[in-house]
Structures are given as structure tokens and as C-alpha cells.
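Here's a set of exercises to work through with the model open beside you. Try each task yourself before you read its solution.

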Amino acid sequence: PDEQLDLDDGRWEDIHVVTGALKLFLRELPEPLVPFSHFDKFIAAIKIQDPSLRGRCIRDLVLSLPPAHHDTMKVLFRHLCRVVEHKEENRMSVQSVAIVFGPTLLRPASEESNMAVHMVFQNQVVEHILNHYGYIFPE
């Protein structure tokens with residue numbers, strides 16, 4: 001059944017509830033925002049030493065995402081960039097946002113032993129996209 005949300009309900013005033021709901025929604029998707037087919041490509045790209053090559057590679061990977069994934073990512077990261085702009089008040093730096101959203105937005109098809117290693121790179125990918133939003137999503 002269609003559930004009607006009352007956003008004036010007091011429980012939505014706590015930003016942690018809203019963030020938790022968003023993370024849960026993204027985590028419960030049958031496939032993450034970065035499709036399983038792209039996971040290894042993003043991890044390989046973030047490991048590239050040359051910064052300009054790494055930047056182009058990640059931008060091209062984002063462009064290669066299916067339209068629904070690309071467009072959702074653009075809106076989500078635009079919002080996350082706004083969150084980071086207010087880091088003095090909300091204590092959400094680029095690194096903090098990456099730690100919160102990295103494992104939710106990019107995850108391997110199977111959770112095997114490399115989980116801790118992957119998490120570092122997952123977070124770095126999210127950090128990179130936040131730091132280079134204008135280049136990756138030119139208006």
C-alpha cells in the first residue's frame with residue numbers, strides 16, 4: 001500500500017532519522033547506486049597514482065553509469081556537497097560524509113574477506129566525487 005508520509009510529524013525534525021532513512025533506502029536497493037558491474041572499475045580507478053588520469057577515469061565511469069544511477073548520483077552528491085559546505089555547524093566534513101555513505105553507495109556483489117580494504121577505497125571514491133563534483137557533473 002502507498003504509505004503517506006507526514007513530513008510535519010515531529011520525528012522528522014531529527015536529521016539523524018532522515019539520514020538513517022536515506023541510508024537504509026540506498027542500502028536496501030537490489031543493486032547499489034554504483035552497480036555491482038562497476039564496483040571493481042571504481043576501485044581500480046581510485047588507485048591510479050596520476051591525479052589527472054584518476055580524475056578523468058572516475059568522471060568517465062560516472063558518465064558510463066545507467067541514466068537512473070547517474071542522475072540519482074548527481075542529485076545525491078549535489079546535496080552531500082551542500083551538507084559539507086556547512087561542516088562548521090554539522091561537523092560533516094568530506095571525510096565524514098564519505099565514511100557514512102561510501103559502503104552504502106559502492107559495495108561488491110559478494111561480501112568476502114577484503115571488506116576492510118574495500119571500505120578504504122569505497123570512502124576514497126565518495127570523497128573524490130564530492131571534491132570534484134563540478135568536474136564530474138558539469139552543469
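**Exercise 1: a loop residue**

Task: Find where Arg-91 sits, decide whether it is buried or exposed, and look at its phi.

Solution. Start with the place: Arg-91 lies in the loop between α5 (87-90) and α6. Keep in mind that you're looking at a predicted model. Next, check the accessibility. Arg-91 comes out at 70% relative accessibility, so it counts as exposed, the cut-off for that being over 50%. Last, the backbone: Arg-91 isn't a glycine, yet its phi is positive, at about 60°. Most residues other than glycine have a negative phi.

**Exercise 2: the inward side of α2**

Task: List the buried residues of helix α2 (residues 36-46), then work out how they are arranged around the helix axis.

Solution. First, the list: His-38, Phe-39, Phe-42, Ile-43, Ala-45 and Ile-46 are the buried ones in α2. Now look down the axis of α2: these buried residues fall within an arc of 160°, so they line one face of the helix. What do the buried residues of α2 pack against? Their partners are α3 (51-63) and α7 (115-131).

**Exercise 3: α2 meets α7**

Task: Describe how α2 and α7 pack, and say what kinds of residue make up the contact.

Solution. Take the geometry first. The axes of α2 and α7 are 9 Å apart, and the helices pack at an angle of about 80°. That makes α2 roughly perpendicular to α7, since 65 to 115 degrees is the range for that label. Then go through the residues: α2 brings Phe-39, Phe-42, Ile-43 and Ile-46, while α7 brings His-118, Phe-121, Gln-122, Gln-124, Val-125 and His-128. Sorted by type, the contact of α2 with α7 has 6 nonpolar residues, 4 polar and no charged.

Now pick out one of these residues, His-118 in helix α7. With 10% relative accessibility, His-118 counts as buried. For a sense of distance, compare its position with Ile-15: the two are 103 residues apart in sequence and 28 Å apart in space, C-alpha to C-alpha.

**Exercise 4: α4 meets α7**

Task: Do the same for α4 and α7: what are the angle and the axis distance, and which residues touch?

Solution. The axes come within 10 Å and cross at roughly 80°. So α4 is roughly perpendicular to α7. On the α4 side, the contact uses Met-73, Phe-77, Leu-80 and Cys-81; on the α7 side, it uses Val-126, Ile-129 and Leu-130. Sort them and you get 7 nonpolar, no polar and no charged.

**Exercise 5: α6 and a neighbour in α7**

Task: Find which residues of helix α6 (residues 94-105) are buried, then see what Asn-123 touches.

Solution. Begin with α6: Val-94, Val-97, Ala-98, Phe-101, Gly-102, Thr-104 and Leu-105 are buried. Seen down the axis of α6, they fall within an arc of 165°, so they line one face of the helix. The buried residues of α6 pack against α1 (15-28), α4 (67-85) and α7.

Now turn to α7, where you'll find Asn-123. Asn-123 counts as buried, at 12% relative accessibility. Setting aside neighbours within four places in sequence, Asn-123 is in contact with Ala-98, Ile-99, Gly-102 and Pro-103.

**Exercise 6: two buried residues**

Task: Compare the surroundings of Gly-55 and Ile-136.

Solution. Take Gly-55 first. Gly-55 belongs to helix α3 and is buried, with a relative accessible area of 8%. Not counting residues up to four places away in sequence, Gly-55 touches His-128 and Tyr-135.

Next comes Ile-136, in helix α8 (residues 133-136). Ile-136 counts as buried too, at 1% relative accessibility. Leaving out neighbours within four places, Ile-136 is in contact with Ile-58, Arg-59, Val-62, His-128 and Ile-129. His-128, then, is on the contact list of Gly-55 and on that of Ile-136.

**Exercise 7: cysteines**

Task: Find how many disulfides the structure has, and check Cys-57 and Cys-81.

Solution. A disulfide is a covalent bond between the sulfur atoms of two cysteines. Searching the whole structure turns up 0 disulfides. As for accessibility, Cys-57 is partly exposed at 29%, whereas Cys-81 counts as buried at 17%.

Note on methods. Residues numbered from 1 in each chain as written. Predicted model: local features only at pLDDT ≥ 70, side-chain atom pairs only at ≥ 80, totals over all residues. Heavy atoms only, no water. Buried < 20%, exposed > 50% of the residue type's maximum accessible area, 1.4 Å probe, protein only. Helix = DSSP H or I, 4+ residues; strand = E, 2+ residues; numbered from the N terminus. Arc of directions from axis to C-beta. Contact = heavy atoms within 4.5 Å. Disulfide = S-S within 2.5 Å. Axes fitted to C-alpha atoms, helices over the stretch in contact; angles between N-to-C directions. Parallel < 35°, antiparallel > 145°, perpendicular 65-115°, else oblique. Nonpolar A, V, L, I, M, F, W, Y, C, P; charged D, E, K, R; others polar.
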